[in-house]
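Subject: Structure handover

Hi,

Here is the structure I said I would pass on. Could you load it up and keep it open while you read the rest of this?

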Amino acid sequence: MSVKRHQLRKALEMLRHSGDLKPARARRAPTALPRYGEELVRVTNPIEVLELRLIMEPGLARLASLRASSFETARILDAATTPENAPSGEVDFAFHLAIVAAARNHLAAEFYKMLRQVGVDARVKVARTAAPTCPKRIAQRDGEHRLIAEAISQRDPEAAEAAMRAHLLSVQRQIMERSNAGAFAA
């Protein structure tokens, strides 16, 4: 049986779009996340970034619960737990990015990447030294991530949205506690 090249490409693209096939590898090395204007970083702070994440991410978790393929769901479930000695920040970003990808909204995905980059730059501006994440906090975060991942895998949009909101509120509390502790230490 012979299949024309354009038919094969079209079929592969449909499988990739549905999430049943991994995205095609880039032919050239991907560049790092784009840097967003210093002005934007200068006028924001980690709390503002988290407020926007609270507006955006629960909805993306809801969409992921409705749209994720079995491959994407497996990726989300796998990324919900931090492997031993893995870089905590990278694991966290990979988990959230897997959810954004499973929501299948390209504009939201690009906006989310920008938001996270601005957040990293804003945190660097506020605290020049990054304290290592404690094992207790990683375990708490992994538990929150697993609740989100389970809700997505069970195709429960309300639970996915609620679990993501609870997770981000927990992160917000921690940022506020660190900010307040820093204010008293100064």
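Below is what turned up, going from the loops to a histidine in a helix and then to a patch on the surface. Bear in mind that this is a predicted model, and that residues are numbered from 1 along the chain.

Let's start with backbone angles. Most residues other than glycine have a negative phi. Two spots here go the other way. N85 is not a glycine, yet its phi is positive, at about 65 degrees. You'll find N85 in the loop that links α4 (70-79) to α5 (88-103). N85 counts as exposed because its relative accessibility is 75%, and the cut-off for exposed is over 50%.

The other one is R155, also a non-glycine residue, with a positive phi of about 55 degrees. R155 sits in the loop between α7 (135-153) and α8 (157-185). Its relative accessible area is 39%, so R155 is classed as partly exposed.

Next, a loop residue with a side-chain partner. T44 belongs to the loop between α2 (38-42) and α3 (46-67). Is T44 buried or exposed? With a relative accessible area of 9%, T44 is buried, since buried means under 20%. The T44 side chain makes a polar contact with the side chain of E48, at 2.7 Å.

Now for the histidine. H167 is part of helix α8. H167 counts as buried because its relative accessibility is just 2%. Which side chain does the side chain of H167 make a polar contact with? That partner is E144, and the distance is 2.6 Å. If you set aside neighbours within four places in sequence, the residues in contact with H167 are D92, H96, R137, R141, E144, H145 and I148. So that you can place some of these on the model: α5 covers 88-103, and α7 covers 135-153.

Last, the surface. M1, V3 and L8 together make a nonpolar patch of about 400 Å². Of these, L8 lies in helix α1, which runs over residues 5-18. L8 has a relative accessibility of 46%, so it counts as partly exposed.

If you only have a minute, I'd go to H167 and its polar contact with E144, then to the positive phi at N85 and the one at R155.

Cheers

Notes:
Predicted model: local features only at pLDDT ≥ 70, side-chain atom pairs only at ≥ 80, totals over all residues. Heavy atoms only, no water. Patch = residues over 30% accessible without salt bridge, like charges linked within 9 Å, V, L, I, M, F, W, Y side chains within 5 Å. Areas by Shrake-Rupley, 256 points an atom, 1.4 Å probe, with all protein chains shown as cover. Salt bridge = Lys/Arg side-chain N within 4 Å of Asp/Glu carboxyl O. Helix = DSSP H or I, 4+ residues; strand = E, 2+ residues; numbered from the N terminus. Buried < 20%, exposed > 50% of the residue type's maximum accessible area, 1.4 Å probe, protein only. Polar contact = N/O pair within 3.5 Å; in protein donor to acceptor, adjacent residues only side chain to side chain. Contact = heavy atoms within 4.5 Å.
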